[in-house]
Amino acid sequence: MSLRMPFGRGEEVAAAPLAELSDKPLAVRGLTVSYGQKPAVFSLDMTIEDGSMTAIIGPNGAGKSTTLKAVLGIVPRLSGVVTVYGRPLAKSRRRIAYVPQRASVDWDFPTRVIDVVLMGLARELGLLRRVNAGHRQRAFDCLDRVGMRDFADRQIGQLSGGQQQRVFLARALAQGADLYLLDEPFAGVDAATERAIIDVLKTLKAEGRTVVAVHHDLSTVRDYFDHVMMINVHKVAEGPVAEAFTEEHLQSAYGGRLAANLMDQLQLGGH
Amino acid sequence: MGAEFVMLSLVPILIGVLAAVACALPGNFLVLRRQALIGDAISHVVLPGIVVGFLLSGTVSSWAMMAGAAGAAVVAVLLIELIRRLGRIEPGAAMGVAFTSMFAFGVLLLEQSDTSSVHLDVQHALYGNLESLIWVEARGWGSLLDPVALAGLPPELPRIAIVAALMLVFTVVFWRPLKISTFDEGFARVLGMRTNLIGFALVIMAAVAAVAAFDAVGSIIVIAMFICPPAAARLMTNRLEHQVLWSVAFAIFSAVVGYVAAGYGPLWLGADDAVSAAGMIATVSGLVLAIAALYAPHRHRSGAPADG
């Protein structure tokens, strides 16, 4: 585990060079992203362990989503190296599935639930291959796993927020990937959807796949995840939840803005 | 009415239909991407391109004018991007600055250049000249099989036919990237799609359609062809596949009904002269949209807008 104080030049444990991480699902070194003058993410190192479930946490504007998007090449990075299973992103795309923030798309778009899930098969289908019964069946199976099969023919705008989130997850399942990257999958969803999503994610983990999610709710970090990546522009802490999810690191990441009673509720270790 | 219709009306109607379809196809994606304004921008900036193309080639109906217009569209897209980056202003403002100033430049150029000897005047450029595209050699429906008569077809017809076919091929071949990147650009990138390239190609395609439709409906009214049929079609269905088919149907309907109404409507009403076909086509497409907005089955937005 390497530590770095936010905005400071505190003690640094040098990150292992990329060459030694060839088997890791995701390795990031020196990632810097900037919107305009101010860096959103600065010199970030991140190593995701195989088969882990990692929560990326940090205060609003800490660069959590930006980190995910920069890793995936959705926003340009100023500097930094990203490898996915030891290879550059462009050569590992078939091993990655992505669930964007629900609010990032226009749900009034004229398309049905089943069509959105079929988008997960786009790499396989290429430009002109027609969707056949087999593809359709796979899409239905993915909808089954998130409990949305009955909604296959609905226009996506007719769904509740939680249902939309489940459709996005089904699309990611259709990608058949080894590494799942999710941006705030639990934001604004109902309790039943939250349960359904975490069940699917835990099944993915049980199958040996790797899950990384930008996460907002500190109270569920312990229940849902086994690793945590705490950032506030810089990396604050990284490692197994028991070691990295501590009051000291939280205070450091959130700048002392967390109320003491919340700290108690989180039952933090590491004192 | 056979022989007269073939000679006077068949070709203009066909050109109007093909122009409307060529614009409606990319228009579907522009409207869904909330880039309808870029169609407007393109339809304006092609004017200086067309004038420059004409000045360099010396003829009206040549590919040089199309090349000039396409070039102007590319310049405009780059200029908009440049203004946006350097000026750090929102895209709408950058577009507004780029297309009005380029259009104004085109008007000045047109006015100052010696175009009086040919049929390229400001009015033609702005409102189109559909009615003049008659088939002089036609002697009736039989002329459609007569090679000599076919050789006398206005060159605008094969040109817009090729462009409409190009739009169709573009839409079919790149259907999947266009749809996915329009719905969810981030996801499209993760799939490895070059979304910038797709967006740029769409704008270029729209520019080509705008230029080709220039003869038919002029540079200003062409915007109606980009927006009205797709916007009306969106209200008819909740599936993109069906929306595009509806937009094509609405485009054809607007062109045919608009042309006929312009040519014969005033006479039926007792007036002496026909009215501008391009103006009537745009008006009909606007009426179609208005009726769709009032009575179409999916006129209620079913979801909240994405950006909050």
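These exercises work through pockets, a surface patch, backbone angles and salt bridges in a predicted two-chain model.

**Exercise 1. Describe the largest pocket: its volume, its lining and the elements that supply it.**

Solution.
- Start with the volume, which is about 2000 Å³.
- Next, take the lining: 46 residues contribute. B:Gln35, B:Arg84, B:Glu185, B:Arg189 and B:Asn196 lie nearest the centre of this pocket.
- Sort the lining by class. There are 23 nonpolar, ten polar and 13 charged residues.
- Then map the lining onto elements. Chain A supplies at least two residues from β1 (26-35). In chain B, α3 (63-87), α4 (91-112), α8 (175-183), α9 (185-190) and α10 (195-212) each supply at least two.

**Exercise 2. Do the same for the second largest pocket, and find which element gives the most to its lining.**

Solution.
- The volume is about 780 Å³.
- The lining has 26 residues. Nearest the centre lie A:Arg130, A:Val131, B:Trp175, B:Arg176 and B:Glu241.
- Two or more lining residues come from each of these elements: α2 (113-118) and α3 (122-125) of chain A, and α7 (156-173), α8 and α12 (240-268) of chain B.
- α12(B) gives the most, with five residues.
- By class, the lining divides into 15 nonpolar, two polar and nine charged residues.

**Exercise 3. Which residues make the nonpolar surface patch of about 460 Å²? Place A:Leu127 and classify its exposure.**

Solution.
- The patch is made by A:Leu127, A:Leu128, B:Leu168, B:Val172 and B:Phe174.
- A:Leu127 sits in the loop between α3 and α4 (133-145) of chain A.
- The relative accessible area of A:Leu127 is 38%, so this residue is partly exposed.

**Exercise 4. Summarise the fold elements and burial of chain B.**

Solution.
- Count the elements: chain B has 13 helices and zero strands.
- The pattern along the sequence is therefore α-α-α-α-α-α-α-α-α-α-α-α-α.
- Of the 308 residues of chain B, 52% count as buried.

**Exercise 5. What is notable about phi in A:Ser43 and B:Arg34, and where do these residues lie?**

Solution.
- Recall the background: most residues other than glycine have a negative phi.
- A:Ser43 has a positive phi of about 45°. This serine lies in strand β2 (residues 38-48) of chain A. Its relative accessibility is 24%, so A:Ser43 counts as partly exposed.
- B:Arg34 has a positive phi near 55°. This arginine lies in the loop between α1 (2-32) and α2 (36-57) of chain B. At 54% relative accessibility, B:Arg34 counts as exposed.

**Exercise 6. How many salt bridges does the structure hold? Place the pairs B:Arg234 with A:Asp108, A:Asp199 with A:Arg195, and A:Lys235 with A:Glu238.**

Solution.
- The total is 16 over all chains.
- B:Arg234 meets A:Asp108 at 3.6 Å, N to O. B:Arg234 is in helix α11 (residues 214-234) of chain B, and A:Asp108 is in the loop between β6 (96-99) and α2 of chain A, so the pair joins two chains. Both residues are buried.
- A:Asp199 meets A:Arg195 at 3.8 Å, N to O. Both lie in helix α6 (residues 191-206) of chain A, four residues apart, about one turn of the helix. A:Asp199, at 40% relative accessibility, counts as partly exposed. A:Arg195 is partly exposed too, at 44%.
- A:Lys235 meets A:Glu238 at 2.8 Å, N to O. A:Lys235 is buried at 5% relative accessibility, and A:Glu238 is buried at 12%.
- Finally, shared partners join A:Arg112, A:Asp115 and A:Asp153 into one salt-bridge network.

Technical notes. Residues are numbered from 1 along each chain as its sequence is written. Chains are lettered from A and ligands numbered from 1 in the order in which they are written. This is a predicted model: local features need pLDDT of at least 70, side-chain atom pairs count only at pLDDT 80 or more; totals for chains, interfaces and linings use all residues. Side-chain values use heavy atoms; hydrogens and water are left out. On a 1 Å grid over the protein atoms alone, a cavity is a set of points where a 1.4 Å probe fits but cannot get out, and a pocket is an open set with protein on both sides within 12 Å along at least five of seven lines; lining residues have an atom within 4 Å of a point. Grid points are joined across faces, edges and corners, and a volume is the space filled by probe spheres set on the points. Ala, Val, Leu, Ile, Met, Phe, Trp, Tyr, Cys and Pro count as nonpolar, Asp, Glu, Lys and Arg as charged, and the others, Gly among them, as polar. Patches are made of residues with over 30% relative accessible area and no salt bridge: like charges are joined within 9 Å, nonpolar side chains (Val, Leu, Ile, Met, Phe, Trp, Tyr) within 5 Å. Accessible areas come from the Shrake-Rupley method with a 1.4 Å probe; for residues, only the protein chains shown count as cover. A salt bridge is a side-chain nitrogen of Lys or Arg within 4 Å of a carboxyl oxygen of Asp or Glu. Buried means under 20% relative accessible area, exposed over 50%, partly exposed in between (1.4 Å probe, protein chains only).
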